[in-house]
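Here's a quick tour of one chain, written to be read next to the model. Keep the viewer open and follow along.

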Amino acid sequence: MSLSQLTPLKVANKLALNPTSELKYASEVTDKEGNKIKVGCPMATRALVALMNQHAVIGGAACHWGGPAAFAETMSALHGIMFNSNKQWFEAFNFVNDAGHAENGIYALRANYGFDNLDFKALRGFRSIESKLTGHGEAHLNPEGVFISNGPLGSGVPQAQGLCLADKIIGNDRTTLCVLSDGGSMEGETKEAFAAIPGLAKKNKMNPFVLIISDNNTKLSGRIEEDSFDMEPTFASLSALGWEVETVENGHDLQGLYTTFENSIEKAKKDPTKPIALILKTIKGYGVEATEKSASGGHGYPLKAYDDSLVSFLDEIYKGSAPEEFKTWANEILASKPAPKESAPSSVVKEKVQPGFARATIAAAKNGLPVFSVTSDLQGSTGIAAFHKEFPTHYVDIGIAESNMVSTAVGLSKQGLIPIVDTFAQFGVTKGNLPLIMAQLSEAPVIGLFSHTGFQDAADGASHQATTYFAATSSIPHTTVVSCSCSKEAELYMEQAINQIKEKRESGKVADSVLFFFGRESHPSEYVEGLSYEWGKAQMLKEGSDVTIVANGPMVQKALDAAKELAQKGINAAVINNAFVNKPDVDLIKKSLAATNGKLITIEDHQLVGGMGAQIVHALKINDVDFKVRTLANNGKFGQSAYKADHLYDLHKLNTEGILEAYNQMK
């Protein structure tokens, strides 16, 4: 059968049409025919990003500044070309933004156009649970503006490859434009696409393809070359792979970019067998001196909530004075600052879970154990950075390459080291899953520190929210899955994990890989004093006589709060922290069920299918325990952006209300 006989399904395209209103803030460029073309003003994009980020930060969310600031001219020029096409933009082009951390710059630019009826007021809801303007572009929530969801770095390029291949198969006259960061170029799947796209194009299997790489030598934690390795050889290899490569020395020259993009699109159309790769030299955090010079390029938003420097920040973006509309908006934000609340001092010591892991690792190194950290750019978020500071020769930053990170650790383990890998849970269990399996198949145990579990990464949205992490890892042979709820728990279990690997391997036994999952928020450093933290055992945090609530991770506090609420209604609930997810403490849970009328409620920040509750129920059933159960979990839904994890917990009834409802259902 020839390709011409392949008829695609009739799938509705939900992308919004070309904007018809005038740009509110425009810059002017000249096209190849000499026509004057209005495009979105990059300074306006940066100012709008600063303002919309301010609303998100006030709500409690983290945001990105450096990335969208670096991409402002690129996106203005590309959208000018796409929106001035003689077709609807999505009929002429596939547009894939692989740099998801820069999506807020696209929202700002499109609001300037009035695209999809977006206005500046809509930007004020950025990253809130009410808005479709999520932390990273999400096609399931914003199909009018996002065709390919773009959270994980590096996934967009091979997906763009698929779009381009499909256009060739179907016979669409469309050019694929894919925008990538240099950090995203470190991912393995990106490098696979670097080879596949020109390889397939040479065989006449691809439509025109233009890849645009923003090269500013910067990732989240700092400069790529200094922290990891030089990316220039990677970019130099593109020519040998079959790309037509052009380096643009000034990636902030709007006219120069517009002309380059026009010429590259025309060239790609003339010869689709030779895809175009444009490497733009940009400055992360461009437009504000402090962020341009910072080690991370101002990756996150540099201003605090209600920051008094907001107006001067906008003025610096404009190299003088920002438009009055933006200043008025900024002053409205500053004027809305609430009076500080007086709160009674608390005796409860709170901190994130992360420091516990670092303390145990530092102690192990001081005791002469061969612990070695293999990290992939998120060491500050996972907490292992404290170990790096203490032992700067005991780690390597492999770059933004999670699969490579875990596989590297396997090699270290085979040579007798105790390797520790770290990243967000979503990336650890997706990009790192096969290497984690291969670790145990090679009898090379690793320790994983996988943070920002479930809805704990609220603001970044669904692409960053790991909700399948227990299911993805619990069935890997010789792997122990631990969900930590506090720093004391993390410290003592990490110490035991390191020592167990040492003892078992030196005695010739197969040691488990240990995967620690934890959130990002602060909790009491310890929920109950005097706990034993015995390896493989659950913890009875509160005994009861009416119902047993089993939780772990961030849900432990929810369970304890619900127990207090139940107590006010005369219901005595037991609370168990089941940290060892894939090795449930059947004896303790069985004992508690015998004392609580066989009533069990499990609660977890995870999918219902394959989660902690499912594993507990199965373990109890095969041990012939008689009980009634209600499981609170994510019932088959993707997440979304929200200012705080609690907003998502409330939406999914992973809270006191949900536990009370579950108890009433068992009466």
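## Charges, cores and a few odd residues

Start with charge: the chain carries 62 positive and 75 negative side chains, with the centres of the two sets 4 Å apart. Here Lys and Arg count as positive and Asp and Glu as negative, while His and the chain ends are not counted; each charge is placed at NZ of Lys, CZ of Arg, CG of Asp or CD of Glu.

A word on the ground rules: this is a predicted model, where local features need pLDDT of at least 70, side-chain atom pairs count only at pLDDT 80 or more, and totals for chains, interfaces and linings use all residues. Residues are numbered from 1 along each chain as its sequence is written, and side-chain values use heavy atoms, with hydrogens and water left out.

On the overall build, the chain has 26 helices and 20 strands (DSSP runs numbered from the N terminus: H or I of at least four residues for helices, E of at least two for strands). The C-alpha atoms fill a box of roughly 85 × 60 × 55 Å along the principal axes. Of the 667 residues, 59% are buried (under 20% relative accessible area; exposed is over 50%, and partly exposed is in between, with a 1.4 Å probe and protein chains only).

Now for the inside. The largest nonpolar core (buried Ala, Val, Leu, Ile, Met, Phe, Trp, Tyr and Cys residues joined through side-chain atoms within 4.5 Å) has 63 residues, and those with the most contacts inside it include Phe357, Tyr493 and Phe516. Helix α22 (residues 555-568) gives the most to this core, with seven residues. A second, separate core has 40 residues, among them Ala47 and Ile317. Beyond four places in sequence, Tyr493 touches residues including Val482, Phe516, Trp535 and Phe580 (contact means heavy atoms within 4.5 Å).

Lys191 is in helix α7 (residues 188-202). Leaving aside neighbours within four places, Lys191 contacts Ser185, Met186 and Thr234; the C-alpha atoms of Lys191 and Thr234 are 8.7 Å apart, though 43 residues separate them along the chain.

Two loop residues deserve a look for their backbone angles. Most residues other than glycine have a negative phi. Asp116 and Tyr306 go the other way, as the table shows.

| Residue | Phi | Loop between | Relative accessible area |
|---|---|---|---|
| Asp116 | near 55 degrees | α4 (103-113) and α5 (120-123) | 23%, partly exposed |
| Tyr306 | near 55 degrees | α11 (289-293) and α12 (310-317) | 17%, buried |
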